[in-house]
Amino acid sequence: MTDSAQLFERHRARLYAIAYRMLGAVAEAEDVVQEAWLRWHGVDQCAVENPEAWLVTATTRLSIDRLRAAKTEREAYTGVWLPEPMLSAEPASPEQLHELADDVSVAFLFTLERLSPDARAAFLMRDVFDADYEDIAQTLEKTPAAVRQLVTRARQQLREGTPRQAVPRATLHRLVTTFADAMQRSDFQGLHALLSDQAELIGDGGGKIPSFRSLVGGKRLAQLFYAGKRRHGDAMRIEVVQVNGQWALVRYIDGRLESVQSYETDGQRLTRVLVQRNPDKLARIAAAMAQR
């Protein structure tokens, strides 16, 4: 491997982290990183003073361009567009857990969809990757003052959405595990007790699989999960796994991965369920689970 290739590989994980957080889609993030590699391979590297900064800038700009195009596609998407989930390695190391913390959870990536591409990039670089305003300004080709304004507005927009709760991982694990057990036992009362009164379910079927755009109410959600178990019986299998650094459920029907369910909680009960049912977005997790 050449020095040029080794240098790129040294930063590949960070570049992918940027692209995935910007796009919420695995294949698109991989395409961006590959395009960054091609541009790096074609540039006069002797003239590059700071290779890492050059690669981060190139990846961020490519991600912005890709997200602008994706925004149009997602507006025409059938139903609700949810991010593509990623199966986390188990057991995850403390470093991996830090890298895949709340800033890459399915819920957080879904919330980021309300931001413009430039605002999303500025917010992520500042609040997730801890970049200086001057460096962000150079990357986005804006003034530091304009970047500060972008970040401030992005924070405000995100606060107006579902507030992020700082809940210990052990708490979410306990709630999700208990919920899975209640689902497996067809325990309606148990399911209902674990859901907040205004709990919401949002589903992504991509127009290929039927899915609720939005279903609100703890009792209604409990009835839905209860009915699913009653309908499928022993053909339904549930596992608690780590998805995007958070505890989640994968549900199988007749041995086929039917959904990945990501949960949010206020620390007491489950407040929102994001259900990914689009087969295209489940393919990678299904393949990874098959190899375990």
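Is P85 buried or exposed in this predicted model? The legends below take up this residue and several other places in turn.

**View 1. P85 sits in the loop between α3 and α4 (94–99).** With a relative accessibility of 3%, P85 counts as buried, because buried means under 20% relative accessible area. Once its neighbours within four places in sequence are left aside, P85 is in contact with Y20, V106, V243, N244, V260, Q276, K281 and I285. A25 is 60 residues away from P85 in sequence, yet the C-alpha atoms of P85 and A25 are 8.0 Å apart in space.

**View 2. One cavity of 30 Å³ or more is found in the structure.** The space inside the largest cavity comes to about 40 Å³, and its lining is made up of L82, P83, P85, V106, V260, S262, L274 and Q276. Two elements, β5 (256–265) and β6 (270–276), each give two or more residues to this lining. When the lining residues are sorted by class, six are nonpolar and two are polar, while no charged residues appear. P85, the subject of the previous view, is thus one of the residues that line the largest cavity.

**View 3. N244 lies in the loop between β3 (236–243) and β4 (246–253).** The phi angle of N244 is near 55°, which is a positive value in a residue other than glycine. Most residues other than glycine have a negative phi. N244 has a relative accessible area of 0% and is therefore buried. N244 also appears among the residues in contact with P85, which links this view to the one that opened the series.

**View 4. E141 is found in the loop between α7 (133–140) and α8 (144–160).** Like the residue in the previous view, E141 is not a glycine and has a positive phi, here of about 60°. Where N244 is buried, E141 counts as exposed, because its relative accessibility is 64% and exposed means over 50%. E141 falls within residues 108–158, for which UniProt, in an unreviewed entry, lists "domain: RNA polymerase sigma factor 70 region 4 type". In the model, this span is 78% helix and 0% strand, and the C-alpha atoms at its two ends lie 9 Å apart.

**View 5. T59 lies in helix α3 (residues 51–75).** T59 has a relative accessibility of 0% and so counts as buried. A polar atom of the T59 side chain lies 2.9 Å from the backbone oxygen of L55. If the neighbours within four places in sequence are left aside, the residues in contact with T59 are L15, I18, A19, V32 and A36. UniProt, again in an unreviewed entry, places the feature "domain: RNA polymerase sigma-70 region" at residues 7–71. The span of residues 7–71 is 85% helix and 0% strand, and its end C-alpha atoms lie 32 Å apart.

**View 6. Q268 has its place in the loop between β5 and β6.** At 62% relative accessibility, Q268 counts as exposed, because that class begins over 50%. Q268 and R114 are 154 residues apart in sequence, and from C-alpha to C-alpha they are 27 Å apart in space. The two strands that flank this loop, β5 (256–265) and β6 (270–276), are the elements named in View 2 as giving two or more residues to the lining of the largest cavity.

Definitions and conventions:
Residues are numbered from 1 along each chain as its sequence is written. This is a predicted model: local features need pLDDT of at least 70, side-chain atom pairs count only at pLDDT 80 or more; totals for chains, interfaces and linings use all residues. Side-chain values use heavy atoms; hydrogens and water are left out. On a 1 Å grid over the protein atoms alone, a cavity is a set of points where a 1.4 Å probe fits but cannot get out, and a pocket is an open set with protein on both sides within 12 Å along at least five of seven lines; lining residues have an atom within 4 Å of a point. Grid points are joined across faces, edges and corners, and a volume is the space filled by probe spheres set on the points. Helices (H or I, at least four residues) and strands (E, at least two) are DSSP runs, numbered from the N terminus. Ala, Val, Leu, Ile, Met, Phe, Trp, Tyr, Cys and Pro count as nonpolar, Asp, Glu, Lys and Arg as charged, and the others, Gly among them, as polar. UniProt positions are given in the numbering used here, feature names are shortened, and annotations may be inferred rather than shown by experiment. Buried means under 20% relative accessible area, exposed over 50%, partly exposed in between (1.4 Å probe, protein chains only). A polar contact is a pair of N or O atoms within 3.5 Å; within protein, one must be able to donate a hydrogen and the other to accept it, and residues adjacent in sequence count only if both atoms are side-chain atoms. Contact means heavy atoms within 4.5 Å.
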